[in-house]
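Me: Please take a close look at one part of this model, the contact between the two protein chains, and then set that contact in the context of the rest of the assembly. I would like one connected account rather than a list.

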Number of protein chains: 2
Amino acid sequence: MSSNLKERILQTASELFYRQGIRATGVDAIVKAAGTTKMSLYHYFPSKNDLVLAHLQKTAEIMREKIVDGIAARASEPKARLLAVFDVFGELLASDGFRGCPFINAATESAAEDEPFRLASVDFYLQFRRRLTDLAEEAEARQPELLARQLSLLISGAIVAEQMQRNSGAMRAARDAAEILINRSLDGV
Amino acid sequence: MSSNLKERILQTASELFYRQGIRATGVDAIVKAAGTTKMSLYHYFPSKNDLVLAHLQKTAEIMREKIVDGIAARASEPKARLLAVFDVFGELLASDGFRGCPFINAATESAAEDEPFRLASVDFYLQFRRRLTDLAEEAEARQPELLARQLSLLISGAIVAEQMQRNSGAMRAARDAAEILINRSLDGV
DNA sequence: AATGATACAGACCGGTCGGTATAGTTGCAA
DNA sequence: TTGCAACTATACCGACCGGTCTGTATCATT
């Protein structure tokens, strides 16, 4: 049985990293918010970087789950499932603590090209696009890869737009555009 | 005539802010790279925040110029000018030092909702969308605001996609999608 | 009663942060 | 030649950074 202190530290760190940014969140702040001590934190996570990495991996898992479940709960037909992705994200963008995509943010905060948690972010992004490609193939799109890439552009764009300005209806506009692109790619309309 | 030391400091700071991030760039690093001293820097810019603000304003002006000139150099017909925007950005994304959109990055780095340089970023974003709306109106799009917003989503999305993975052809895919949306909005095809 | 794991308490390290103070140097104009 | 402004040089400030240190309290197992 894994320690729940470790979980609590990771949970607290995740929230702070997402809310304030990774660089902007000091180890002391995490320790204080989690109600523990530095020694305990460094017992479970050898360095801040390891903690960041754990945060990104956990977040990736949660996000994947939310997306998959959200799609399944909304639609079963291939074409409708492609559109459901936008509804899932629309809900995420509308939630209170929304501060943009954790992975885009992390990639932006990491200066160097090869920083470990930059790779984790890229990884999530590629996996997400892969998932969209699968959906596009199931829907028998004419160019599944192209369609998936375009839909992912719309989603990423809407995320950063909403991060700039809340309640701008960005995801709604993205969904409308997606509908056109999907129809065009499926029926040639 | 304004001092060229001030210009040199601002220029140096701009490069470092963009290349390494704003938070990650210390005042000492700027001073050293510009070959001057802290006292001179603080003579022209009362605080690092003022320097950041000046950097964003200058960058915004340069970007606006590049976009306007780039469009004018490529097309004159309203519809072609809408598409030319994507070619302009395509060139920017392909340039060597590309590290994403300075304004998206700045907005991501600013934790608080009301940080001054977050507002500067939002401002540029809104002005850009406004410019797209003007182009869409000139092209007699049926819903100029909606079309402009959707095109801006594609562009923002392509920027962050390219930031995650270089030479991914994101802007090309965005352009293809844009063509479909534009045609649809103009001719009802 | 002794052991070992878990966690807490808090001082401490070298280094960097943004920003300031004081003093010295240059070059140009009256 | 004097004076003044632009600029340099450098030491310094308190605060914070990530990370390590010694030591102690708790508690279940043996």
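Reply: In this predicted model, the contact draws 38 residues from chain B and 38 residues from chain A. Of the interface residues of chain B, 100% are also interface residues in chain A, so the two copies meet through the same surface. The area buried between chain B and chain A comes to about 3,600 Å², and carbon and sulfur atoms give 66% of that area. Within the share that chain B buries against chain A, 20% is supplied by T108(B), L153(B) and M164(B), which is more than any other three residues supply.

The polar side of this contact can be described by two counts. Between chain B and chain A there are zero salt bridges, whereas eight residue pairs, both members at pLDDT 80 or more, are in polar contact. As for the elements involved, the side of chain B that touches chain A receives at least two residues from each of α6 (102-109), α7 (116-138), α8 (144-164) and α9 (170-187) of chain B. The largest share of that side, 12 residues, comes from α8(B). Sorted by class, the side of chain B that touches chain A consists of 21 nonpolar, 11 polar and six charged residues.

The relation between the copies is the next point. A turn of 180° with a shift of 0.0 Å along the axis lays chain B on chain A with an RMSD of 0.0 Å. The two copies are thus related as by a two-fold rotation axis. In chain B, the C-alpha nearest this axis belongs to G157(B), at 1.9 Å from it.

Turning to the chain itself, chain A has nine helices and zero strands, and its pattern along the sequence reads α-α-α-α-α-α-α-α-α. Taken along the principal axes, the C-alpha atoms of chain A fill a box of roughly 60 × 35 × 35 Å. Although the count of salt bridges between chain B and chain A is zero, a search of the whole structure finds 14 over all chains. One salt bridge joins R74(A) to E91(A), with the closest N and O atoms 3.4 Å apart. This pair links distant parts of the chain, since R74(A) lies in helix α4 (residues 48-74) of chain A and E91(A) lies in helix α5 (residues 78-94) of chain A, 17 residues apart.

The assembly also contains DNA, and the surroundings of each strand include residues from both protein chains. Around DNA strand C there are 16 residues, of which T36(A), Y44(A), V27(B), K38(B) and K48(B) come nearest. Of the atoms of DNA strand C that come within 4 Å of the protein, sugar and phosphate account for 51%. Phosphate oxygens of this strand are approached from both chains: a polar side-chain atom of T36(A) lies 2.4 Å from one phosphate oxygen of DNA strand C, a polar backbone atom of V27(B) is 2.8 Å from a phosphate oxygen, and an N or O atom in the side chain of K48(B) is 2.7 Å from a phosphate oxygen. The elements that give two or more residues to the surface near DNA strand C are α3 (38-44) of chain A together with α3 (38-44) of chain B. By class, that surface has six nonpolar, eight polar and two charged residues.

DNA strand D can be described in parallel terms. Of the 16 residues around DNA strand D, those that come nearest are K38(A), M39(A), K48(A), T36(B) and Y44(B). Sugar or phosphate holds 53% of the atoms of DNA strand D within 4 Å of the protein, and the rest belong to bases. From chain A, a polar backbone atom of V27(A) is 2.8 Å from a phosphate oxygen of DNA strand D, and an N or O atom in the side chain of K48(A) is 2.7 Å from a phosphate oxygen of that strand. From chain B, an N or O atom in the side chain of S40(B) is 2.8 Å from a phosphate oxygen of DNA strand D. Here α3 of chain A and α3 of chain B each supply at least two residues of the surface near DNA strand D, and this surface is made up of six nonpolar, eight polar and two charged residues.

Key:
Residues numbered from 1 in each chain as written. Chains lettered and ligands numbered in written order. Predicted model: local features only at pLDDT ≥ 70, side-chain atom pairs only at ≥ 80, totals over all residues. Heavy atoms only, no water. Near = heavy atom within 4 Å. Polar contact = N/O pair within 3.5 Å; in protein donor to acceptor, adjacent residues only side chain to side chain. Helix = DSSP H or I, 4+ residues; strand = E, 2+ residues; numbered from the N terminus. Nonpolar A, V, L, I, M, F, W, Y, C, P; charged D, E, K, R; others polar. Least-squares fit on C-alpha atoms with pLDDT ≥ 70 in both. Contact = heavy atoms within 4.5 Å. Buried area = accessible area lost by both parts, 1.4 Å probe. Salt bridge = Lys/Arg side-chain N within 4 Å of Asp/Glu carboxyl O.
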